[in-house]
Every structure is written in structure tokens, then in C-alpha cells.
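The exercises below are meant to be worked through with the sequence and the model side by side. Each opens with a task and continues with a solution in steps.

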Amino acid sequence: MDRVGGGGASLNLFASRLTGNTAVSNGGGLIAFSSGAVVLIDSSTIDNNTGFQGGGLLVGDTVSVVNSTISGNTASGGSGGGIRVSSGATLDLTNVTITANNASAGNDNASAGNDGGVSVAGGTV
């Protein structure tokens with residue numbers, strides 16, 4: 001699991017793969033959760049990760065995902081098997097495939113809600 005944080009931190013992932021990670025807390029593949037963090041994920045894959053919520057990706061700040069795939073991730077204790085968007089966060093998705101994710105709160109569905117695809121808790125998608 002990778003964590004992006006600290007005031008004004010930024011991360012650009014290009015043609016990367018985050019796979020096979022397990023977190024005992026949230027964000028099995030990647031956590032972007034700190035004041036001012038900005039993350040760009042482009043032409044990448046986030047797959048087969050497990051976290052309590054946000055199995056693939058936990059969004060707590062500003063995250064853009066472009067031309068990427070988020071699949072096969074699991075939220076073992078809550079929602080957002082693929083992506084969990086926290087209150088006050090912003091997630092921009094462009095040409096992104098979200099599929100075959102699972103959450104204890106429901107099955108895969110690539111729409112907002114407490115499910116395996118994307119879970120939004122007061123953030124903006």
C-alpha cells in the first residue's frame with residue numbers, strides 16, 4: 001500500500017501497476033488522504049488489492065484517473081471495493097474501466113453507492 005500525504009504533496013503515476021497489496025485499514029492499493037494532496041493516475045492498473053474500505057483506492061483529496069483500469073479489488077469491511085471517495089474529496093474519471101470489484105456492503109457496480117465499484121461519502125465524482 002502506498003500513502004500520499006503531507007501538505008501539498010503530489011504524485012503522478014504513469015503506465016504503472018499497483019497490484020496484490022493488503023491494508024489492515026483503508027486503501028489497499030493507494031491512499032490519497034492529506035491536506036492538499038494531488039494525485040494523477042494515467043494509463044495505469046490498480047488491481048487485486050484489499051483494504052477495509054477503498055480496496056483499490058481511497059480518495060481523500062483531489063485525484064484524477066485517466067485511461068486506466070481498476071479491477072478485482074476488495075473492500076473487506078465496508079464499501080468501495082474499487083474506489084472509496086471520502087467527504088470533501090474530488091475524483092475525476094476519464095476513460096476508466098471499473099469492473100469486478102467487491103465490497104462487504106454489496107457487489108460490483110461501477111456507479112456511486114455503497115457497493116463494490118465506487119462508493120461516495122459526500123465527495124465529488
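**Exercise 1.** Does Ala 100 count as buried or exposed, and at what relative accessibility?

Solution. Keep in mind throughout that this is a predicted model. Begin by placing the residue: Ala 100 sits in the loop between β12 and β13, the latter spanning 102-103. Next, apply the cut-off, which reserves the word exposed for a relative accessible area over 50%; because Ala 100 has 52% relative accessibility, it counts as exposed. Finally, inspect the backbone, where Ala 100 has a positive phi of about 55 degrees although it is not a glycine.

**Exercise 2.** Determine where Asn 95 lies, and describe its backbone and its accessibility.

Solution. Asn 95 belongs to strand β12. Its phi is near 55 degrees, a positive value in a residue other than glycine. With a relative accessible area of 58%, Asn 95 is exposed.

**Exercise 3.** Establish which strands pair with β9, in which sense, and over how many bridges.

Solution. Start with strand β5 (residues 38-42), which pairs with strand β9 (residues 62-71) in the parallel sense over five bridges; within this pairing, Leu 40 has Ser 64 of β9 as its bridge partner. Turn then to strand β6 (residues 45-47), which runs parallel to β9 and is joined to it by three bridges, with Asp 47 standing opposite Ser 71. Lastly, β9 and strand β12 (residues 90-99) run parallel and are joined by nine bridges. Ser 64 appears again here, since its bridge partner in β12 is Asp 92, and Ser 64 is also the bridge partner of Leu 40.

**Exercise 4.** Identify which residue forms a salt bridge with Asp 47, and work out how the two partners stand in accessibility.

Solution. The structure holds one salt bridge. In it, Asp 47 is joined to Arg 17, and the closest N and O atoms are 2.6 Å apart. The pair links distant parts of the chain, for Asp 47 is in strand β6 and Arg 17 in strand β3 (residues 17-19), 30 residues apart. Since buried means under 20% relative accessible area, Asp 47, with 7%, is buried, whereas Arg 17, with 55%, is exposed.

**Exercise 5.** Asn 49 is to be described from its loop, its accessibility and its contacts: where is it found, and what surrounds it?

Solution. Asn 49 is found in the loop between β6 and β7, the latter comprising 50-51. Its relative accessible area is 0%, so Asn 49 is buried. Once neighbours within four places in sequence are left aside, the residues in contact with Asn 49 include Leu 18, Thr 19, Gly 20 and Asn 21, as well as Gly 28, Gly 29, Gly 55 and Gly 56, and also Gly 72, Asn 73 and Thr 74.

**Exercise 6.** Summarise the protein chain as a whole: how many helices and strands does it have, and what share of its residues counts as buried?

Solution. The secondary structure of the protein chain comprises zero helices and 14 strands. Of its 125 residues, 45% count as buried. Among contacts with a separation of 6 or more, 75% come from residues 24 or more positions apart. The protein chain exposes about 5,200 Å², of which carbon and sulfur atoms supply 46%.

Note on methods
Residues are numbered from 1 along each chain as its sequence is written. This is a predicted model: local features need pLDDT of at least 70, side-chain atom pairs count only at pLDDT 80 or more; totals for chains, interfaces and linings use all residues. Side-chain values use heavy atoms; hydrogens and water are left out. Two strands pair if DSSP finds at least two bridges between them. Helices (H or I, at least four residues) and strands (E, at least two) are DSSP runs, numbered from the N terminus. Buried means under 20% relative accessible area, exposed over 50%, partly exposed in between (1.4 Å probe, protein chains only). Contact means heavy atoms within 4.5 Å. Accessible areas come from the Shrake-Rupley method with a 1.4 Å probe; for residues, only the protein chains shown count as cover. A salt bridge is a side-chain nitrogen of Lys or Arg within 4 Å of a carboxyl oxygen of Asp or Glu.
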